[in-house]
Amino acid sequence: MNRATLCVVLLAACLGTAVLCAEPAATLLLTDVTAYETGDTGTLTVSLSAPATSATVVNFVVRGSAASPSDYLAIGTSVTIAAGAASAPIGIRPVNNGVAEDDEDVEIELTAGTGYVLGAPDSIVGRVTIKDDDPPRVTVLPSGGWLSAL
């Protein structure tokens, strides 16, 4: 018996009426929003408002100033929440690329799919900031007498 059928049966028995249960709402929890090139992983957690009755694939799009695979390892475009579970992590693992650069970000936005509905608009977008560990390069040019940070 699937979740909607079970819900109808229980409500019909208790209330004498049949009402379909809604699919669980998918949201994004900001678990660890900072990742470091030194090896620390950032994490966003996809959460369902109720445990999944079967494996549920939640889709997302990836945006931001960081690029895979040069700035972080590939994460795909979906995460699977196991049957009986209510959440699954998306780990952002930075690549120590040896390039001095500003902080970069990875933004994830949940998108529609089967077996869930999207939560409120402000709860389906999350961002992890990747902190660089490379010091800026300084070049000394003796002929001009000036310094340049690259």
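Is Thr-80 buried, partly exposed or exposed? Select Thr-80 to begin: with a relative accessible area of 46%, this residue is partly exposed, where buried means under 20% relative accessible area, exposed over 50%, and partly exposed in between, computed with a 1.4 Å probe on protein chains only.

**Before going further**

This is a predicted model, in which local features need pLDDT of at least 70 and side-chain atom pairs count only at pLDDT 80 or more, whereas totals for chains, interfaces and linings use all residues. Residues are numbered from 1 along each chain as its sequence is written, and side-chain values use heavy atoms, with hydrogens and water left out.

Colour the chain by pLDDT, the predictor's confidence in each residue on a scale from 0 to 100; the mean for the protein is 85, and 77% of the residues reach 70 or more. Then select residues 1-14, where the pLDDT is below 50 and where the model has 16 contacts beyond near neighbours in sequence, a contact being heavy atoms within 4.5 Å. Where pLDDT is low, the predicted coordinates should not be read in detail.

**The whole chain**

Switch to a cartoon view, which should show one helix and 11 strands, in the order α-β-β-β-β-β-β-β-β-β-β-β from the N terminus on. These elements are DSSP runs numbered from the N terminus, helices being H or I over at least four residues and strands E over at least two. Of the 150 residues, 29% count as buried, and the accessible surface comes to about 8500 Å², of which 59% belongs to carbon and sulfur atoms; these areas come from the Shrake-Rupley method with a 1.4 Å probe, and for residues only the protein chains shown count as cover. Among contacts with a separation of 6 or more, 62% are made by residues 24 or more positions apart.

**The five-stranded sheet**

Select S2, S9, S7, S4 and S5, which in that order form an open sheet with mixed pairing; two strands pair if DSSP finds at least two bridges between them. Strand S2 (34-36) and strand S5 (78-81) each have a single partner strand, so one side of each is left without a neighbour in the sheet. Neighbouring strands here are turned by 30° against each other on average, direction ignored, with axes taken as lines fitted to C-alpha atoms (for helices over the stretch in contact) and angles running from 0 to 180 degrees between N-to-C directions.

Now centre on strand S9, residues 125-131, which runs parallel to S2 and is joined to S2 by three bridges. Ala-35 has Ile-130 as its bridge partner, and Tyr-36 stands opposite Lys-131. Strand S7 (residues 104-111) pairs with S9 in the antiparallel sense over six bridges, and within this pairing Glu-107 is matched with Arg-127. Showing the side chains of S9 brings out a covered face of Gly-126, Val-128 and Ile-130, and an uncovered one of Val-125, Arg-127, Thr-129 and Lys-131.

**The four-stranded sheet**

Next select S6, S3, S1 and S8, which form a second open sheet in that order, again with mixed pairing. S6 and strand S8 (117-118) are its edge strands, each pairing on one side only. S1 and S8 pair in the parallel sense over two bridges, and Ala-26 stands opposite Leu-118.

**The nonpolar core**

Which residues have the most contacts inside the largest nonpolar core? Show Val-46, Val-58, Ile-90, Ile-92, Ile-108 and Leu-110, which hold that place in a core of 24 residues; such a core is a set of buried Ala, Val, Leu, Ile, Met, Phe, Trp, Tyr and Cys residues joined through side-chain atoms within 4.5 Å. Strands S1 (25-32), S3 (42-48), S4 (56-63), S5, S6 (87-92), S7 and S9 each supply at least two of its residues. Centring on Ile-108 and leaving out residues up to four places away in sequence, one finds among its contacts Leu-28, Leu-44, Phe-60, Ile-90 and Ile-124.

**Two threonines to finish**

Return to Thr-80, found in strand S5, whose contacts, neighbours within four places in sequence aside, are Ala-55, Thr-56, Val-57 and Ala-88. Thr-56 lies in strand S4 and, at 8% relative accessibility, counts as buried. With the same neighbours set aside, the contacts of Thr-56 include Leu-48, Val-79, Thr-80 and Tyr-116. A C-alpha to C-alpha distance for Thr-56 and Ala-83 should read 7.3 Å, although the two are 27 residues apart in sequence.
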